[in-house]
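Q: Please take me carefully through a single part of this structure, the pocket, together with the way its surroundings are packed. I am new to this structure, so please explain each term as it comes up.

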Amino acid sequence: MSQVGNSLFPVCVWLGKDFQMRCDSASACAQTLSEKILHAGKILRNAILSKAPHMIRDRKFHLKTYRQCCVGTELVDWLMQQSSCVHSRLQAVGMWQVLLEEGVLNHVEQEMDFQDKYLFYRFLDDEREDAPLPSEEEKGESQEELQEALLFLSQTGPDAHLRMILRKPYVSAGALTKAKQTDDLEIIYEELLNIKALSHLSTTVKRELAGVLIFESHAKAGTVLFNQGDEGTSWYIILKGSVNVVIYGKGVVCTLHEGDDFGKLALVNDAPRAASIVLREDNCHFLRVDKEDFNRILRVSFRLIQLCLISQGCVLLLGFHRYRVMSGTPEKILEHLLKMMRLDLQFTESALDDFVLMHCVFVPNSQLCPLLRAHYHAQASQGSEQEKLDYALNNKRRVICMIMKWATVHDDQLQQEDVAFLQVSPNLLSFELMSSKDVAYHLTSYDWELFHCVHELELIYHTFGRQHINKTSVNLDLFLRRFNEIQFWVITEICLCSQISKRVQLLKKFIKIAAHCKDYKNLNAFFAIIMGLSNPAVSRLSQTWEKLPSKFKKCYGEFENLMDPSRNHRSYRLIFSKLEPPVIPFMPLLIKDMTFTHEGNKTFIDNLVNFEKMKRCLYKKYFRFVHVLPHYFRPTPPIFKNEIGEDAPLPSKHHPDVWTYVRQFNVIDNQRILTQLSHGLEPRRS
């Protein structure tokens, strides 16, 4: 940037030796990451030459020969065949993009974006004409380390894919860009959900923001983004790295990290920059919004001046095609939703769905009924007789439609099923002899029965406080208790097993059960089992874990990565977003998300209902099962053959025993006792 040369010296004088030490440390971390990427690239090249050497060869295109090249589509196909951690072609593109950005893989025409097309790419080692082929020893090593390299690339790939999308050009002034297609915008939007600086923005603003964000990166620590006193031209969000905020005469006043933002006050107030921003480490990445787009999109959130209207007690946000309710009195929100209801579209307005589901928080039934009655009997004060008749008739139709929708959601009568209670035999089959797939199937079957009874309204009652709404959430409480029961079941079975060989077999069995639960899309039981294996009473059994075969260790490592809480549980959310209903979700995280949204936003603002908060509590991308639950999650069992995605295991003679076992777990739910049992199995080494 133009200011860097003139401004770098006076700013860096204030930073001192501590800044230089931090820069050196950050550079070392970046160097380590680059070495890992370089090593992963070599592993993949050697694996390709070992398994599919025909992929790397001389190729001709338009009478020109490109030596030792791979084709983009073939690389994606090969990657998806190598590991279960690669779930889609888009994910594979992101993994190859990691290597492309680091120069380990290069496009023959030096394009910076990896594409799943008939384009030629060449590994760094093949750039030389005398590139050596891997030895037999190197081929063997590549097979051993391939899964670890793929796991590493799968973790770094989403960020590389996001950077690739953000580098695409865009059309300003709100026009939908051709370069950034709808799928790209959705990926950017999902990333914005994990950035804390944007947590207060509405869904509409985030979606508009996704189309105008610009990716900006700087390689060297000490680079000055802008100086105190400069004109404000952009707003920045830190995607990777950290910066120091420097004020003349005071030095470094604070440090901003990933997810923080800076530079918006100068844009909001049309004032000069109040501080200088200096990169604290190498290789920092930013999302940038330029002033024109900021004024068009974001002042609605920072000032509520340009795009907000006050419509007689209802705050409306003006979008591209319509108004959206931001806040208002219950009466005005209802009036607006009825007025905007489209009778010819089978009433698919999402705001109306949200109102029907959430109204118990701010307007109970005793108050809603008189309001609906008033709208039902409303008459036009002017117009011809026919116009008055049409107005009254349409009012009645809208109210009736809303009541029908309300009845669909609030029907508390559940479908009763004929349950066959089996006579419990005194000699039940032991757990060790049960098939892992049988256990996972019946575990999912029972979890489904419990989840099937959870009404979406119970989520609202639990989040907003049962004491305020005066409703119970018994079914939800039972389902949450089931999560803890499965977790303690895993710990109890292992801690009560005295023989180390049998404990190893139990570890293998639980890992296989978790894998089957994941296949059945029972994410609640899957996470409960993995958390049980991660419990200190189990994880400390080092002698047992040492005897576990490497195949199971790798599988367990992949499952643990899905539990990684970083980036707002990004690994789990990526998996969940790719699953088609029906899914049994990881309920504790869902409750956490809804509670975070509830406690972080006021229900009433200036005595108006914060309706935008109600919509965010029901965010459909991650919590879409709440809205599709009446259609997808309330079928008549049996459900597994066609809906869960994997066929049920064939009935066996032990079927009743497994059915009974998963419904009657005997568990020890006292962590202190479990820890004592664990130390009895493997005493602490002195």
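A: Helices here are DSSP runs of H or I with at least four residues, and strands are runs of E with at least two, numbered from the N terminus. The model is a predicted one, in which local features need pLDDT of at least 70 and side-chain atom pairs count only at pLDDT 80 or more, while totals for chains, interfaces and linings use all residues. Residues are numbered from 1 along each chain as its sequence is written, and side-chain values use heavy atoms, with hydrogens and water left out.

The largest pocket (an open set of points on a 1 Å grid over the protein atoms alone, where a 1.4 Å probe fits, with protein on both sides within 12 Å along at least five of seven lines) holds about 1400 Å³ of space. Its lining, meaning residues with an atom within 4 Å of a point, is made of 47 residues, and those closest to the centre are Cys85, His87, Gln91, Leu574 and Ile575. Several helices each give at least two residues to this lining, namely H3 (89-102), H4 (136-166), H5 (182-192), H17 (500-519), H21 (550-562), H22 (566-577) and H25 (620-623). By class, the lining has 17 charged, 16 polar and 14 nonpolar residues, where Asp, Glu, Lys and Arg are charged, Ala, Val, Leu, Ile, Met, Phe, Trp, Tyr, Cys and Pro are nonpolar, and the others, Gly among them, are polar.

Of these lining helices, consider H17 and its packing. The axes of H17 and helix H16 (residues 474-495) lie 9 Å apart at an angle of about 160°, so the two are roughly antiparallel (over 145 degrees). Their crossing is right-handed. Trp489, Val490, Glu493 and Ile494 of H16 are in contact (heavy atoms within 4.5 Å) with Arg503, Leu506, Leu507, Phe510 and Ile513 of H17, and this contact counts 7 nonpolar and 2 charged residues, with no polar ones.

H5, which also contributes at least two residues to the lining, packs against helix H6 (residues 203-210) at an angle of about 125°, with the axes 9 Å apart. That angle makes H5 oblique to H6. The crossing of H5 and H6 is right-handed, and the contact joins Leu185, Glu186, Ile188, Tyr189 and Leu192 of H5 to Thr203, Lys206, Arg207, Leu209 and Ala210 of H6. Sorted by class, the residues of the contact of H5 with H6 are 6 nonpolar, 3 charged and 1 polar.

How values were computed
Grid points are joined across faces, edges and corners, and a volume is the space filled by probe spheres set on the points. Axes are lines fitted to C-alpha atoms, for helices over the stretch in contact, and angles run from 0 to 180 degrees between N-to-C directions. Angles under 35 degrees count as roughly parallel, over 145 as roughly antiparallel, 65 to 115 as roughly perpendicular and the rest as oblique. A crossing is left-handed if the near helix is turned anticlockwise from the far one by less than a right angle, and right-handed if clockwise.
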